[in-house]
Amino acid sequence: MSVSFKNLFLLLPATIYALACFYFSTTFTGDEIEYYQKLILCGASILSNFYVLYYHYTNPPHPKFLMLPKRKLSIRTHVISGSIEVVFGVIAFFSSNPEIPAMIMALSAIIGHVTSSFYQTPIVFGSKSAMIPGYLFFVSLHLYSAVNLLLEPDSNFWLINTFLVLSTYVWCRVFYFIFTVFGLFKDNLYSASILAAGVLILPSVLGVAGNLFFILFLLGYNALYKLIMNPTAAEWISWTKESQRQTLIDEDAKELWINNNLSITSDEVDDQTIAAAVFAQLDTNKTGSLDKEELRTLWHEWQVPDSFINNFIARNTNFDEFSFDEFYEKIWQIKGVKQRLQTETLKVECLTKGKNISNEEKCRLIFEQLDIDQSGYIDEFELKTLLLEWGLPSNEVDEYMEKYDDNKDLKISFAEFLKMRPVWSFAYSDIILSN
């Protein structure tokens with residue numbers, strides 16, 4: 001079949017569908033028609049809830065939600081309050097006396113879902129320049145709708161609006177799944193998902209100008225952020241770039257530093273030559289070595305978390321200064337722990353074991369990958385590095401390690417690691433899914 005015929009078969013059904021949408025949307029108008037369209041969107045949102053529930057029951061949650069009791073309480077509050085909203089929202093819609101279920105829905109939103117959403121906002125994945133203001137906008141709209149529903153519990157308008165805003169969270173997960181299946185927006189998956197969910201929901205709640213209001217909010221928030229926070233070039237990159245999973249070193253910030261401070265680019269020379277040029281640039285007193293404060297300054301430019309820097313320096317107390325060979329081996333070539341958990345050999349081993357593998361076997365497999373020197377212990381430094389890469393705030397990493405390092409020997413035994421189910425369960429799942 002020629003390319004022309006393939007294009008015809010592609011464009012013809014797409015064109016027919018588009019024209020049908022245009023015709024019905026412009027021919028049948030009015031408040032009643034818009035009401036039924038909102039009901040269709042509510043129905044689709046309810047069906048999508050089944051997919052999201054299935055996903056959460058068949059995939060372990062990200063460790064950042066389970067590492068500490070306060071995080072676990074937050075995510076459970078989020079899920080339970082959202083479920084209450086859905087159930088009592090449906091009951092209120094079909095009830096002849098909707099006031100009580102509508103008030104329960106509103107209170108669940110205000111007390112549970114909105115508060116837990118605000119709490120989780122700082123640790124969202126994706127581009128923080130889009131995700132943080134986006135979350136703030138939708139959580140505030142959710143709160144506004146729920147408060148009005150509480151004040152007018154017999155109002156169908158506020159009942160449907162509250163439900164639709166809640167559904168933004170569901171549609172974000174649905175779009176994430178769709179974009180993943182079709183390989184769309186690979187470099188901006190999280191941000192694209194939340195923005196697509198917003199584009200879908202906002203016009204039904206805020207009218208035809210809803211998306212405009214949202215876009216202006218995003219732009220205004222970022223303008224204020226730049227004006228008030230006055231970020232450096234590297235911090236602005238970290239703020240605007242997509243981050244599906246935290247990385248130890250922000251490669252874009254590192255590349256920016258190299259471009260600004262060196263007269264060479266990574267495409268022109270090999271990796272060791274670039275490392276030597278960086279070393280020479282940092283060695284201002286030409287002693288042939290770098291002290292820890294010089295390294296700390298460099299890593300701050302590369303957006304490396306303070307917790308990692310402090311752990312690295314504490315781990316290398318026997319090194320007051322680093323020669324080039326030590327710099328190249330211990331610093332320049334440092335690789336994230338996750339990279340070791342994504343090797344093809346390990347993927348094959350996990351898949352070979354099949355579904356009958358026990359939890360202890362899963363834990364043992366991950367433990368052995370982290371225990372590089374086969375000492376029977378995991379270096380606390382390496383486990384902290386993994387947690388930082390997974391996006392856990394550095395202060396919570398320290399809290400988590402304090403909780404599970406029972407004998408405070410700064411080493412994690414297998415027995416201690418087995419208690420860290422959120423870590424090894426998610427790591428194992430991540431290996432399987434990455435296949």
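Is Asn230 buried or exposed? Keep that question in mind while the whole chain is on screen, and remember throughout that this is a predicted model.

**The whole chain**

Begin with everything shown in cartoon form, where the protein presents 21 helices and four strands. If you colour by burial, the buried residues make up 44% of the 435 residues, and if you switch to a surface, the exposed area comes to about 23,100 Å², with carbon and sulfur atoms supplying 61% of it. A contact map is worth opening beside the viewer, since residues 24 or more positions apart account for 68% of the contacts that have a separation of 6 or more.

**The cysteines**

Select Cys42 and then Cys363. Cys42 counts as buried, at 9% relative accessibility, and Cys363 is buried as well, with a relative accessible area of 0%. Do not look for a sulfur–sulfur bridge here, as the structure holds zero disulfides.

**Helices H5 and H7**

Next, select helix H5, residues 128–151, together with helix H7, residues 189–206; their axes lie 11 Å apart and the two helices pack at an angle of about 30°. Because that angle is under 35 degrees, H5 is roughly parallel to H7, and the crossing of the two is left-handed. To see the side chains at this contact, display Ala130, Met131, Tyr135, Phe137, Phe138 and Leu141 on the H5 side, which meet a set in H7 that includes Tyr190, Ser191, Ile194 and Gly198.

Within that contact, centre the view on Ser191, which has its place in helix H7 and counts as buried at 6% relative accessibility. Leaving out residues up to four places away in sequence, Ser191 touches Gly126, Ser127, Ala130, Met131 and Glu242; of these, Ala130 and Met131 also appear among the H5 residues that meet H7.

**Phe213 beside the same pair**

From Phe137 in H5, move to Phe213, which is found in helix H8. Phe213 counts as partly exposed, at 42% relative accessibility. A C-alpha to C-alpha distance drawn between Phe213 and Phe137 should read 9.8 Å, although the two are 76 residues apart in sequence. Once its neighbours within four places in sequence are set aside, Phe213 is in contact with Phe137 and Leu206, and both of those residues also take part in the meeting of H5 with H7.

**Helices H5 and H6**

Keep H5 selected, hide H7, and bring in H6, residues 156–182. Here the axes are 9 Å apart and the packing angle is about 155°, and since angles over 145 degrees count as roughly antiparallel, H5 and H6 are roughly antiparallel to each other. H5 passes H6 in a left-handed crossing. Side chains to display on H5 include Phe138, Leu141, His142, Tyr144 and Asn148, which belong to a set that meets H6 residues, among them Trp158, Leu159, Asn161, Val165 and Tyr169. Phe138 and Leu141 are worth labelling, as they are listed at the contact with H6 and also at the contact with H7.

**Helices H4 and H6**

Now exchange H5 for helix H4, residues 99–120, whose axis comes within 12 Å of that of H6 and crosses it at roughly 25°. That angle makes H4 roughly parallel to H6, and this crossing too is left-handed. On the H4 side, pick Met105, His113 and Ser117, which meet Leu159, Thr162, Phe163, Leu166 and Tyr169 in H6.

**Ile309 in helix H13**

For a further stop, select Ile309, which lies in helix H13, residues 306–315, and is buried with a relative accessible area of 0%. Show its surroundings, leaving aside neighbours within four places in sequence, and you will find Ile309 in contact with Arg296, Trp299, His300 and Val304. Between Ile309 and Leu295 the C-alpha to C-alpha distance is 8.8 Å, with 14 residues separating them in sequence.

**Back to Asn230**

Finally, select Asn230, in the loop between helix H8 (210–229) and helix H9 (233–240). As for the opening question, Asn230 counts as exposed, because its relative accessibility is 61%. Its backbone deserves a check on the Ramachandran plot, where phi is near 45°, a positive value in a residue other than glycine. Most residues other than glycine have a negative phi.

Technical notes. Residues numbered from 1 in each chain as written. Predicted model: local features only at pLDDT ≥ 70, side-chain atom pairs only at ≥ 80, totals over all residues. Heavy atoms only, no water. Disulfide = S-S within 2.5 Å. Buried < 20%, exposed > 50% of the residue type's maximum accessible area, 1.4 Å probe, protein only. Contact = heavy atoms within 4.5 Å. Areas by Shrake-Rupley, 256 points an atom, 1.4 Å probe, with all protein chains shown as cover. Axes fitted to C-alpha atoms, helices over the stretch in contact; angles between N-to-C directions. Parallel < 35°, antiparallel > 145°, perpendicular 65-115°, else oblique. Left-handed = near helix turned anticlockwise from the far one by under 90°.
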